[in-house]
Amino acid sequence: MKDVNILIENGIDVQKSLELFGDMVTYDQMLEDFLREVDGKISNAKRYKDMSDMANYAIIVHSLKSDCRYFGMNELADMFYEHELAGKRNDVFFVNENFEKLMSATVKNLNVVKRYMGILMEESAIPKLATVQSQSPSQEKYILVVDDSNIIRNFIEKIFDNKYKVLSAKDGQEAISSIDNIPHEKLMCVFLDLNMPGVDGYQVLEHFKNANLFEEIPVSIITGSDDKETLDRAFSYPIVDMIQKPFNENKIKDVAEKTIARKNILINN
């Protein structure tokens, strides 16, 4: 049995995390997913730093910040947040001066987590985008989750697994490609993150607008941003609702119910 005191004694706020994940079984499952993809995110952060690509650097450290918050690594999340803000203001000097300190704290936290898990995680590719062809034909209704965080994608899949077939995309381009392969009448809703590398959520919203997809597929936003500019820009599109990260199971179910209710209205009209 895993000793949760390993986490608690190293400053990890497990109790706060359980407000999101509900129980330690789910926490451990999501933690495994986090460990499988975190090295890739860190590599991308270093690559963007070395390229002085502060826009994409801010996006990837934003994702790492959110992941750390989900699992109760609050001090590390605060450090990633400082780097996110520096990236947004194009402060290359701050990022370069503080990157090694950030990486040292990251390694320390990851070692604690791995010790708690009792294993060294094997390298694993980030899960591929699911397509309709690979799904069971008995599953007729779909939810699409678009988020660069594997934690969010898998958590939402777990919540709705018994009722809908949950497809996932880690960026906007995968989302658009996936939508092209799904019969629109069977796609009940889309949960869309805004800040993603490459094609971001706003570009997906523009695609929906230009292709008149809002008339067929309801969209709700999941985001870690709560500033007025983000809210106003998102609600300039005919989205159904917006949910702030981190959220718990009840919150996402409430927004899903509201979003799918919009779909039923579209079907009946």
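**Salt bridges in a predicted model**

Q: How far apart, N to O, are the side chains of Glu249 and Lys253 where they meet in a salt bridge?
A: Keep in mind that this is a predicted model. Glu249 and Lys253 share helix H11 and sit four residues apart, about one turn of the helix. Their side chains meet in a salt bridge, and the N to O distance is 3.0 Å.

Q: Is Lys253 buried, partly exposed or exposed?
A: Buried would need under 20% relative accessible area, and exposed over 50%. Lys253 comes in at 35%, and its partner Glu249 at 30%. Because its 35% falls in between, Lys253 counts as partly exposed.

Q: Which residue forms a salt bridge with Asp78?
A: Asp78 has 39% relative accessibility, so it counts as partly exposed. The residue it pairs with is also partly exposed, at 30%. The closest N and O atoms of this salt bridge are 2.6 Å apart, and the partner is Arg69.

Q: How many residues apart are Asp193 and Lys245?
A: The side chains of these two meet in a salt bridge, at 3.5 Å from N to O. Asp193 belongs to strand S3 (residues 187-193), while Lys245 is in the loop between strand S5 (242-244) and helix H11 (249-268). Both residues are buried. The pair links distant parts of the chain, and the separation is 52 residues.

Q: How many salt bridges does the structure hold?
A: The pairs above are among them, including Glu249 with Lys253 and Asp193 with Lys245. For the structure, the count of salt bridges is 18.

Methods: Residues numbered from 1 in each chain as written. Predicted model: local features only at pLDDT ≥ 70, side-chain atom pairs only at ≥ 80, totals over all residues. Heavy atoms only, no water. Salt bridge = Lys/Arg side-chain N within 4 Å of Asp/Glu carboxyl O. Buried < 20%, exposed > 50% of the residue type's maximum accessible area, 1.4 Å probe, protein only. Helix = DSSP H or I, 4+ residues; strand = E, 2+ residues; numbered from the N terminus.
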